[in-house]
Amino acid sequence: MSEQPTTAADESAETTSYMRKIRSFVLREGRLTKAQKLALEQHWPAMGVEFKPELLDLATLFGRKADTVLEIGFGMGKSLVQMAAAAPEKNFIGIEVHRPGVGACLADAAAAGISNLRVFQHDAVEVLAQMIPDNSLTTIQLFFPDPWPKKKHHKRRIVQADFVQQLRSKLAIGGVFHMATDWQHYAEHMLEVMQAAEGFSNLSASNDYVERPTHRPVTKFELRGKKLGHGVWDLMFKREH
């Protein structure tokens with residue numbers, strides 16, 4: 001029997017299958033507070049986006065064309081809401097798997113009266129692979145991801161060579177991948193991966209880390225860490241081609 005030619009659909013399926021194998025999180029589903037549950041009921045219809053294996057039209061989603069920032073794993077969403085409120089001229093997309101965090105984010109967004117934020121409750125890897133158009137984002141943010149500190153778990157870290165290339169395809173030329181971590185060894189891992197990544201250039205003048213940009217709010221978690229003497233490392237890499 002002759003070998004069947006590989007189609008674009010086949011290649012897409014293979015990529016999606018690979019991407020599904022990456023799990024950068026452990027689903028620790030906490031209880032919803034009454035406020036979080038109410039926020040999900042009231043505000044998900046306006047700000048929530050259901051996962052579907054089809055590409056989004058971002059202009060339709062937001063009702064306008066604008067620079068779009070996507071954050072992977074926004075936690076409780078406080079800094080994401082602050083950034084969206086501070087930059088109303090931009091569109092913001094947040095992806096988080098934990099329902100209480102999504103509820104908290106929606107509550108804060110509604111309280112702030114912002115309209116430039118949309119939220120997924122789903123695995124970011126699958127959202128990026130199947131719903132975000134290529135060349136559509138100006139910034140991708142990954143702040144304080146699970147560092148998986150044990151060496152045997154390092155392969156679970158989300159910042160890996162293949163995943164970084166998937167992110168590159170979603171960024172527009174000149175778009176920026178911005179990472180932050182309070183684990184030095186993970187910062188070193190991120191730097192090593194990104195320095196070897198095709199198509200990116202480091203925005204650090206010293207070719208390593210950058211000062212925290214003013215648009216990234218300092219979280220309570222981060223402030224606590226600094227008081228305990230913990231460092232925080234920001235990395236920003238621009239898509240060149």
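**Helix packing, burial and local features of the predicted model**

The axes of helix α2 (residues 34–47) and helix α5 (residues 99–112) come within 8 Å of each other and cross at roughly 70°. Because angles from 65 to 115 degrees are classed in this way, α2 is described as roughly perpendicular to α5. These values, like those that follow, were computed from a predicted model. On the α2 side, the residues that take part in the meeting of the two helices are Q36, A39, L40, H43, W44 and M47, and they are met from α5 by R99, P100, V102, G103, A104, L106, A107, A109 and A110. An α-helix has 3.6 residues a turn, so residues three or four places apart point the same way. Another residue of helix α2 is A35, which counts as exposed because its relative accessibility is 52% and the cut-off for exposure is over 50%. The C-alpha atom of A35 lies 7.8 Å from that of G103, although 68 residues separate A35 and G103 in sequence; G103 is itself among the α5 residues that meet α2.

The protein chain as a whole contains nine helices and eight strands. Of the 241 residues in the protein chain, 45% are buried, and the accessible surface comes to about 12,900 Å², with 52% of that area belonging to carbon and sulfur atoms. When contacts between residues at least 6 apart in sequence are considered, 80% of them join residues that are at least 24 apart.

Helix α4 (residues 78–86) contributes several residues to the buried part of the chain, namely S79, L80, V81, M83 and A84. The packing partners of these buried α4 residues comprise both strands and a helix: they pack against β2 (68–72), β3 (91–95), β4 (117–120) and β5, and also against α5. Helix α5 thus appears in two settings, as a partner of the buried residues of α4 and as the helix whose axis crosses that of α2.

Two further helices supply buried residues with a partner distant in sequence. V125, which is found in helix α6, has a relative accessible area of 0% and is therefore buried; its C-alpha atom is separated by 9.2 Å from that of Q166, a residue 41 places away along the chain. In helix α9 (residues 220–227), G225 is likewise buried, with a relative accessible area of 10%, and the C-alpha atoms of G225 and D182, which are 43 residues apart along the chain, are separated by 8.0 Å.

The loop between β5 and α7 holds P147, and W148 is also placed in the loop between β5 and α7 (161–170). P147 counts as buried because its relative accessibility is 10%, which falls under the 20% limit for burial. Beyond its neighbours within four places in sequence, P147 is in contact with R157, W183 and Y186, and its C-alpha atom is separated by 8.7 Å from that of I158, eleven residues away along the chain. W148 counts as buried as well, at 8% relative accessibility.

The backbone of W148 has a phi near 40°, a positive value in a residue other than glycine. Most residues other than glycine have a negative phi. A positive phi, of about 60°, is also found at N135, which is not a glycine either. N135 lies in the loop between α6 (124–130) and β5 (137–143), and it counts as partly exposed because its relative accessibility is 46%, whereas W148 is buried.

With regard to aromatic side chains, the count of aromatic pairs comes to zero, where a pair requires ring centres within 6.5 Å. An aromatic ring does, however, take part in an arrangement with a charged residue: R216 lies over the face of F143, at 5.6 Å from the ring centre.

Definitions and conventions: Residues numbered from 1 in each chain as written. Heavy atoms only, no water. Phe/Tyr/Trp six-rings, centres within 6.5 Å; stacked < 30°, edge-to-face > 60°. Lys NZ or Arg CZ within 6 Å of the ring centre and 35° of its normal. Helix = DSSP H or I, 4+ residues; strand = E, 2+ residues; numbered from the N terminus. Buried < 20%, exposed > 50% of the residue type's maximum accessible area, 1.4 Å probe, protein only. Contact = heavy atoms within 4.5 Å. Areas by Shrake-Rupley, 256 points an atom, 1.4 Å probe, with all protein chains shown as cover. Axes fitted to C-alpha atoms, helices over the stretch in contact; angles between N-to-C directions. Parallel < 35°, antiparallel > 145°, perpendicular 65-115°, else oblique.
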